[in-house]
Amino acid sequence: MFSNPLSLVIWTPIVAGLLVLATGGDQRATLARWLALAGALAGFLVSLPLFTQFNNLHGGMQFVENLPWIESLGIRYHLGVDGISMLFIVLNSFTTLMVVLAGWEVIQKRAGHYMAAFLIMSGLINGAFAALDAILFYVFFEGMLIPMYLIIGIWGGPRRVYASVKFFLYTLLGSLLMLVAFIYLYFQAGKTFEIEAFQALAKIPRDVQLLLFIAFFLSFAVKVPMWPVHTWLPDAHVEAPTGGSMVLAAITLKIGAYGFLRFALPIVPDAALQVAPIMVGLSLVAVVYIGLVALVQTDMKKLVAYSSISHMGFVTLGMFLFTGSQMNVWALEGALVQMVSHGFISAGMFFCIGVMYDRVHSRNIADYGGVANKMPIFAAFMMLFAMSNSGLPATSGFVGEFMVIMGAVQVNFWVAALAATTLIFGAAYTLWMYKRVIFGEVGNDHVEHMQDVNKREFLVLAILALAVLGMGLYPQLFVEKMHLSVNDLIAHVAQSKL
């Protein structure tokens with residue numbers, strides 16, 4: 001359809017964001033909103049050919065663009081996607097459109113700047129998923145921090161400055177070690193930053209591989225975030241505006257997991273295999289311990305934030321389940337399905353909390369109760385997202401978790417048993433919150449004056465609900481896109497044995 005679809009998905013939202021910025025201040029807020037909506041819709045539409053025209057039978061990278069950038073240093077504007085990265089570009093473009101709709105009436109102060117930050121960040125995130133040059137990846141990876149830092153710091157809650165600085169420092173410091181790893185690999189690969197050249201390197205000494213893995217781990221584990229470097233996420237979620245929480249949970253966490261797939265596993269496979277038991281252990285701690293932490297939360301946003309950490313623990317668990325030197329195809333595909341599914345579910349959960357916050361201006365569970373009496377349509381939508389967050393069959397939340405558990409059973413029964421506790425804890429904390437908020441006793445006089453969802457809110461909830469149900473009922477649509485790329489990754493990692 002387009003000669004350079006990846007450049008379009010990167011630069012369309014960025015250019016749209018700059019146009020929205022050019023509208024000025026609050027005097028042209030309406031124009032800024034409509035421009036932002038047009039830009040987000042255009043960004044989503046140009047991403048669709050990546051999905052519809054992707055060749056499921058063709059391995060390797062597709063839609064490749066390779067142009068010189070800083071030739072003297074061997075840095076190129078090299079883009080391409082496989083069946084793994086393509087899904088997250090489409091998910092990101094979709095989420096950005098939902099975020100613009102979510103903040104349409106809610107953001108009154110500097111609405112144009114708010115929308116522009118999300119559009120620019122969307123293009124940078126797409127760039128990180130599409131980059132096939134390590135420095136290009138690093139530029140996009142670090143660049144996306146700036147819009148999110150501003151979103152939390154300007155439009156966030158009372159402790160927004162603390163949360164935004166903590167978010168920025170955690171993610172920035174971790175990724176500096178990744179840059180050091182890239183520079184080492186640059187010289188080993190013949191002075192090129194091509195990621196494929198890094199992956200094709202002859203056997204790197206095991207001790208060097210371990211150091212490189214640690215560098216990648218400290219960068220990507222913070223982004224996921226894995227336990228124990230997860231503490232920035234609950235603060236960032238609680239203080240971020242609704243749109244910020246939606247993008248943070250649905251997209252930015254996935255870049256950390258994607259980094260393990262694109263760098264750690266294929267470039268240093270011996271080290272990945274050696275530390276796999278540790279990674280499995282850390283992932284299980286996230287699944288079990290963080291699930292228990294979520295049970296005692298009184299703030300709805302903080303509860304869903306801890307839920308995200310627990311669900312992302314499932315993702316890293318699936319990535320590092322090895323049978324001998326062989327990665328587990330069930331677990332790895334389950335991890336990827338879980339990543340996409342969590343994007344839909346977390347966006348829906350945070351939007352539901354945002355809808356209630358706009359009416360009552362409180363996130364505390366105790367301040368609600370009896371919401372179903374005043375907002376029956378909203379209560380039905382939130383029930384769907386809560387059930388999906390709990391792993392209900394026929395919703396997207398079940399598919400990925402089931403596949404990872406099936407993969408874990410093939411490796412170790414007790415690992416699978418511990419992983420399966422997420423279905424119990426997930427149901428416990430999610431449905432406990434839902435019961436108290438929607439059906440409990442009224443805890444706030446403001447609940448009496450709540451009105452059901454308007455047309456804009458209904459549209460966002462309906463689209464996200466269709467995504468959750470569609471993926472739950474027909475996951476094959478997503479699995480068939482990633483299957484060949486997953487097999488290629490497993491074959492590549494299996495070539496190197498301890």
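This report looks at one helix pair and the largest pocket in a predicted model.

Residues are numbered from 1 along each chain as its sequence is written. Because the model is predicted, local features need pLDDT of at least 70 and side-chain atom pairs count only at pLDDT 80 or more, while totals for chains, interfaces and linings use all residues.

Let's start with the helices (DSSP runs of H or I, at least four residues, numbered from the N terminus). Helix α9 (residues 206–223) packs against helix α12 (residues 269–295) at about 45°, with the axes (lines fitted to C-alpha atoms over the stretch in contact) 8 Å apart. That makes the pair oblique, the label for angles that are not under 35 degrees, over 145 or from 65 to 115. Who touches whom? On the α9 side, contact (heavy atoms within 4.5 Å) involves residues including Phe213 and Phe217; on the α12 side, Val275, Met279 and Leu282 are among them.

Now for the largest pocket, an open set of points on a 1 Å grid where a 1.4 Å probe fits, with protein on both sides within 12 Å along at least five of seven lines. About 470 Å³ of space lies in this pocket. Of its 28 lining residues (an atom within 4 Å of a point), Val106, Trp155, Pro241, Thr242 and Tyr357 are closest to the centre. Helix α14 (329–360) gives the largest share of the lining, 7 residues.

Here is how the lining splits by class:

| Class | Residues in the lining |
|---|---|
| Nonpolar (Ala, Val, Leu, Ile, Met, Phe, Trp, Tyr, Cys, Pro) | 15 residues |
| Polar (the others, Gly among them) | 7 residues |
| Charged (Asp, Glu, Lys, Arg) | 6 residues |

Definitions and conventions: Heavy atoms only, no water. Axes fitted to C-alpha atoms, helices over the stretch in contact; angles between N-to-C directions. Helix = DSSP H or I, 4+ residues; strand = E, 2+ residues; numbered from the N terminus. Points joined across faces, edges and corners; volume = space filled by probe spheres on them.
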